[in-house]
Amino acid sequence: MDSGILQIWQSTGIANFEWGNVLMIGIGLLLIYLAIAKNFEPLLLLPIGFGGVLANIPIAGMSGPDGLLGILYHMGVDTGLFPLLIFMGVGALTDFGALIAMPSLLVLGAAAQFGIFATLLGALAMNMIPGMEFSLADASAIAIIGGADGPTAIFLASKLAPDLLGAIAVAAYSYMALVPLIQPPIMRALTTEAERKVEMKHLRHVTKKERIIFPLIILTAVILFLPASAPLVGMLAFGNLMRESGVVDRLSSTAQNELINIVTIFLGLAVGSKLSADKFLTAETLGILVLGMAAFSIGTAGGVLMGKVMHKVTGGKVNPLIGAAGVSAVPMAARVVNKVG
């Protein structure tokens, strides 16, 4: 009788909870709260938070190799499949007309990525702090937070630093949600009121032929000069070609809606499986959060400063604030620029 009661007790969650599980479930619930109550990147923070709660339920083993979350992680994140499918959907959703009409905008986008390189050096420098230990691969995965692009951060982290994936994903999407708070003070500090009031003229009309050729040119450039980026950029180009060709509207619509929504659910749950106490509750996680904030701030500053250069070169025709939209937090950064300007 006593042994039976003991077995029942040992099979309960209460008997098997550790303080780390409780704390990580609390963090998962916090992410869910931020997604629902504060509307912070809800499409991913909600499934990531819920996945984090499920991953920390004792005995259930949901994040193990044979658990639901573990299977999703191996199937879609470990293989890189989910981020690639999301990139295809992003390509189908994106209108590159402004970039085609004004190719010089590429310079602003490049300048806004300066946060990546600064964060790479910052992560390596953190090794001088006791308790911090980042390899070059770890630092590279952390640095991509500065690109303000969630799928890219997840894709690279899964390849370079899978143990840091949970912290990197949470940092990337949390700071993307905080763009309306992070960017405006930097934008105002680096520009004058007169510069912020510059009204840019409407761009020229972009023909359908140009829109169709553009993703093919991008793909050709990748094939010739940077084939290692072909998985991500190739899927982006394919999604955009479906959009602009006008002959596969059903496929384009599926990529923009049903497919990207389904993959987003699975990706969020899979990333949440990495929110385990032994991997998340470390000094490195705190370092990643600090570096993520620095990456966003430096990227924004780099874009705005390059915008000021273009403002001078064009005789005042370019509003420097558009440089802040060079970070990849789409469409949040563009909305912030429009509001501040």
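This report walks through a helix, a few single residues and a pocket in the structure above.

The model is predicted, so to speak, by computation: local features need pLDDT of at least 70, side-chain atom pairs count only at pLDDT 80 or more, and totals for chains, interfaces and linings use all residues. Residues are numbered from 1 along each chain as its sequence is written, and side-chain values use heavy atoms, without hydrogens and water.

Let us begin with helix 3, where helices are DSSP runs of H or I with at least four residues, numbered from the N terminus. Helix 3 covers residues 19-37 and spans 26 Å from first to last C-alpha, close to the 27 Å expected, which is 1.5 Å times one less than its number of residues. Its buried residues (under 20% relative accessible area, 1.4 Å probe, protein chains only) include Met 24, Ile 25 and Leu 31.

Most residues other than glycine have a negative phi. Two residues here have a positive one:

| Residue | Phi | Place |
|---|---|---|
| Asn 39 | about 60° | just after helix 3 |
| Ile 59 | near 75° | loop between helix 4 (42-55) and helix 5 (68-78) |

Ile 59 is exposed (over 50%), at a relative accessible area of 55%. Thr 300, in helix 19 (residues 283-313), is buried at 1%. Leaving out residues up to four places away in sequence, Thr 300 touches Gln 183, Ile 186, Met 187, Ala 324 and Val 327, with contact meaning heavy atoms within 4.5 Å.

Technical notes:
Helix = DSSP H or I, 4+ residues; strand = E, 2+ residues; numbered from the N terminus.
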